[in-house]
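Visitor: Could you take me through one part of this model close up, and then show me how other parts of it are put together? I'm happy with distances and angles, so don't hold back on them.

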Amino acid sequence: MSEEKTNQQWGGRFNEPTDAFVARFTASVQFDQRMYKQDIRGSVAHAKMLTKVGVLTEAECADILKGLSEIESDIENGNFEWSIELEDVHMNIEAALTKKIGITGKKLHTGRSRNDQVATDIRLYVRDEIDNILAEITRLQLGIAGLARQEADTVMPGFTHLQTAQPVTFGHHLMAWFEMLSRDYERFVDCRKRVNILPLGAAALAGTTYPIDRHMTTELLGFTAPTENSLDSVSDRDFAIEFCAASSILMMHMTRYSEELVMWASAQFNFINLPDRFCTGSSIMPQKKNPDVPELVRGKSGRVYGHLMSLLTLMKSQPLAYNKDNQEDKEPLFDAIDTVKGCLRAFADMVPAIEAKHDNMREAALRGFSTATDLADYVVRKGIPFRDAHEIVGKAVAYGIEQSKDLGEMSLEELQQFSDQIGDDVFEVLTLDGSVSARDHIGGTAPNQVRQACDRAEKMLAQRN
């Protein structure tokens, strides 16, 4: 072990200083300094509460608030020196405060511990970032709804098993993305409810003998309520796990969007054009236009999934209450937050600029007998049981494959060889536009239903604000 030594503020009980490598190894200030705003906000509320209950004087509180405000300005202006020797964001700020205002700075820690302090900071930080994520989801949904309205009449093939199934519209397809994001939004809103509980006042693990007013700090910091059990307060990281779970589901959805965009932008599909500013070229192949943004979003899902597993493993088998293991909660949590925000921002910027290649989409919908289900429904309406209708149309499709003809390209005589119930009106249901327009119910593909879905979506998004 290195002989380089250092000291900490809490070293009164120790006979020798902490080894310098251990100090660096156990420090978290390198990554938890991003919570400085939340740490200062929590300290401001704590100081005001201590003043109300008589632990601090009005003059001492004023000095603390002034000092904390100056420290926040120093940090934001790049004039604050972070020290690994002081281990974390909390002790760095406290030391700076004491340096600025003297012994009064040391009184700020009365009635609290770094355990409940960090638990409060993380919750404040996650709450702020959930609000940012909700705003980005809304921005992406606005872009999707706008493009869906624009493409409400654009016919394209719908797929199951990546095989042509039935005609849909591009607008209808995009609104499926919208629905996934609505569930994501609700999950983050629900997660926020459990984030928004205040642990400050639990101290190290057993509360404090000082006459603190936890309801006051709860109100000052905008929490819903104080936590009910001091042991659980300092050791709970369920909210971080839940955040990463919601983030993982969101990223799973974004991989689905990404995969479709990558396919649709390929020469084989050629359904869309992605804006150049979201693509890159090849160092060797001059013709290439690579869909790097959706590809990278698709790849970044693995990071977020990994962070969920990291936090689950971190908390596995931990005895109550706080353990140093919990310092490892921040880096996966912070990276999950950064990754989700980055992916949402990229898509929110990119989606409104996607250009649909209408003719190519329509031509693809004409291939693969996409109106077969419409023909089966037509035969059923003529009084034939669906199972029999299914067989009739199956034989018609087999004939079409043999003759290289789509159903809509067959003559009436050709179609009638499979059922004499087929009449002249059959061709109304074998057109692409007739097919999508026939499904005219809520959730259906009819263009007017797509536009109504966009209306409802935009009204809902407006109500969020």
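Guide: Let's start with Val379, which lies in helix 15, the stretch covering residues 372-381. In this predicted model, Val379 has a relative accessible area of 1%, so it counts as buried, the cut-off being under 20%. Who's around it? Leaving aside neighbours within four places in sequence, Val379 is in contact with Ile384, Ala389, Ile392 and Ile422. There's a chain-distant partner to look at too: Gln421 is 42 residues away from Val379 along the chain, yet their C-alpha atoms are separated by 6.9 Å.

Now try the same exercise on Ile144, which has its place in helix 7, residues 114-150. Its relative accessible area is 0%, so Ile144 is buried. Not counting residues up to four places away in sequence, Ile144 touches Leu174, Trp177, Phe178, Leu181 and Val351. Measure C-alpha to C-alpha from Ile144 to Gly171 and you get 8.8 Å, with their positions 27 residues apart in sequence.

One of those contacts of Ile144, Trp177, leads straight to the rings. Trp177 belongs to an aromatic cluster with Phe170, Tyr257, Trp264 and Phe347. Across the structure there are 10 aromatic pairs. One of them joins Phe269 and Phe271, with centres 5.3 Å apart and planes at 85°, which makes it edge-to-face. The two partners sit in different surroundings: Phe269 is partly exposed, at 23% relative accessible area, whereas Phe271 is buried, at 2%.

Rings also take up charged partners here. The charged end of Arg464 sits over the ring of Tyr185, 3.5 Å from the ring centre. Arg127 does likewise with Phe223, its charged end being 4.8 Å from the centre of that ring.

Last stop, a pair of helices. The axes of helix 3 (residues 36-52) and helix 4 (residues 58-76) come within 9 Å and cross at roughly 175°. That angle is over 145 degrees, so the two helices run roughly antiparallel. On the helix 3 side, the residues meeting helix 4 include Tyr36, Ile40, Val44 and Ala47, as well as Lys37 and Lys48. Facing them from helix 4 are, among others, Cys61, Ile64, Leu65, Leu68 and Ile71, along with Glu58, Glu72 and Glu76. Sorted by type, the residues of this contact come out as 10 nonpolar, two polar and five charged.

Notes:
Residues numbered from 1 in each chain as written. Predicted model: local features only at pLDDT ≥ 70, side-chain atom pairs only at ≥ 80, totals over all residues. Heavy atoms only, no water. Axes fitted to C-alpha atoms, helices over the stretch in contact; angles between N-to-C directions. Helix = DSSP H or I, 4+ residues; strand = E, 2+ residues; numbered from the N terminus. Parallel < 35°, antiparallel > 145°, perpendicular 65-115°, else oblique. Contact = heavy atoms within 4.5 Å. Nonpolar A, V, L, I, M, F, W, Y, C, P; charged D, E, K, R; others polar. Phe/Tyr/Trp six-rings, centres within 6.5 Å; stacked < 30°, edge-to-face > 60°. Buried < 20%, exposed > 50% of the residue type's maximum accessible area, 1.4 Å probe, protein only. Lys NZ or Arg CZ within 6 Å of the ring centre and 35° of its normal.
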